[in-house]
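Please look over the sequence and the coordinates below before reading on. The report that follows takes up the fold, the confidence, the interior and the surface in turn.

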Amino acid sequence: MCKYWGLVLDISQLCAHHRDFNPMVSSISFLTLQLYLNDVESGGETTFFDVTRDGKSGEVVPVLPLPGRILVFQHVILHEGSVLVKGTKYAMRTDVMYKLK
């Protein structure tokens, strides 16, 4: 089974800090796959945050949304869709699914 979500963000929109998950009952996912579909004029990065065991902020890693770029990352990683400063961001997201036995 394949499920995907289309993402469209306009100027000043963001997708605040979160961790991904998939609520399906018959299968489980640990990985997100995100495909960027267009050039973004400014902003709109997917930004990953390293939070240490003591809860302190560590390294911040922004990934530019370039057309054709694919991100694959674990659901447990804290991230955000950073503020889109100029333009529109189009992306497609899906989960890598594992069947439960």
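How many helices and how many strands are there in the protein chain? In this predicted model, the protein chain holds 10 strands and zero helices, so that its pattern along the sequence reads β-β-β-β-β-β-β-β-β-β. Among contacts with a separation of 6 or more, 84% join residues that lie 24 or more positions apart.

The confidence should be kept in mind when the details are weighed: the pLDDT of the protein chain averages 79, and 68% of the residues reach at least 70. The two extremes among the elements are set out here.

| Confidence | Strand | Mean pLDDT |
|---|---|---|
| Lowest | S1 (residues 4-9) | 56 |
| Highest | S7 (residues 70-74) | 93 |

Turning to the interior, 34% of the 101 residues count as buried. The largest nonpolar core consists of six residues, namely Tyr36, Phe48, Val63, Leu71, Phe73 and Ala91. One of these six is Val63, and, with neighbours within four places in sequence left aside, Val63 is in contact with Tyr36, Phe48 and Leu71, as well as with Glu45, Thr46 and Arg69.

On the outside, the protein chain exposes about 6700 Å², of which 61% is supplied by carbon and sulfur atoms. A nonpolar patch on the surface is formed by Ile28, Phe30 and Tyr98, which together have about 280 Å² of accessible area. Phe30 belongs to strand S3 (residues 27-36).

Why does Phe30 count as partly exposed? Its relative accessibility is 48%, which falls between the 20% limit for buried and the 50% limit for exposed.

Methods:
Residues are numbered from 1 along each chain as its sequence is written. This is a predicted model: local features need pLDDT of at least 70, side-chain atom pairs count only at pLDDT 80 or more; totals for chains, interfaces and linings use all residues. Side-chain values use heavy atoms; hydrogens and water are left out. A nonpolar core is a set of buried Ala, Val, Leu, Ile, Met, Phe, Trp, Tyr and Cys residues joined through side-chain atoms within 4.5 Å. Buried means under 20% relative accessible area, exposed over 50%, partly exposed in between (1.4 Å probe, protein chains only). Contact means heavy atoms within 4.5 Å. pLDDT is the predictor's confidence in each residue, from 0 to 100. Helices (H or I, at least four residues) and strands (E, at least two) are DSSP runs, numbered from the N terminus. Patches are made of residues with over 30% relative accessible area and no salt bridge: like charges are joined within 9 Å, nonpolar side chains (Val, Leu, Ile, Met, Phe, Trp, Tyr) within 5 Å. Accessible areas come from the Shrake-Rupley method with a 1.4 Å probe; for residues, only the protein chains shown count as cover. A salt bridge is a side-chain nitrogen of Lys or Arg within 4 Å of a carboxyl oxygen of Asp or Glu.
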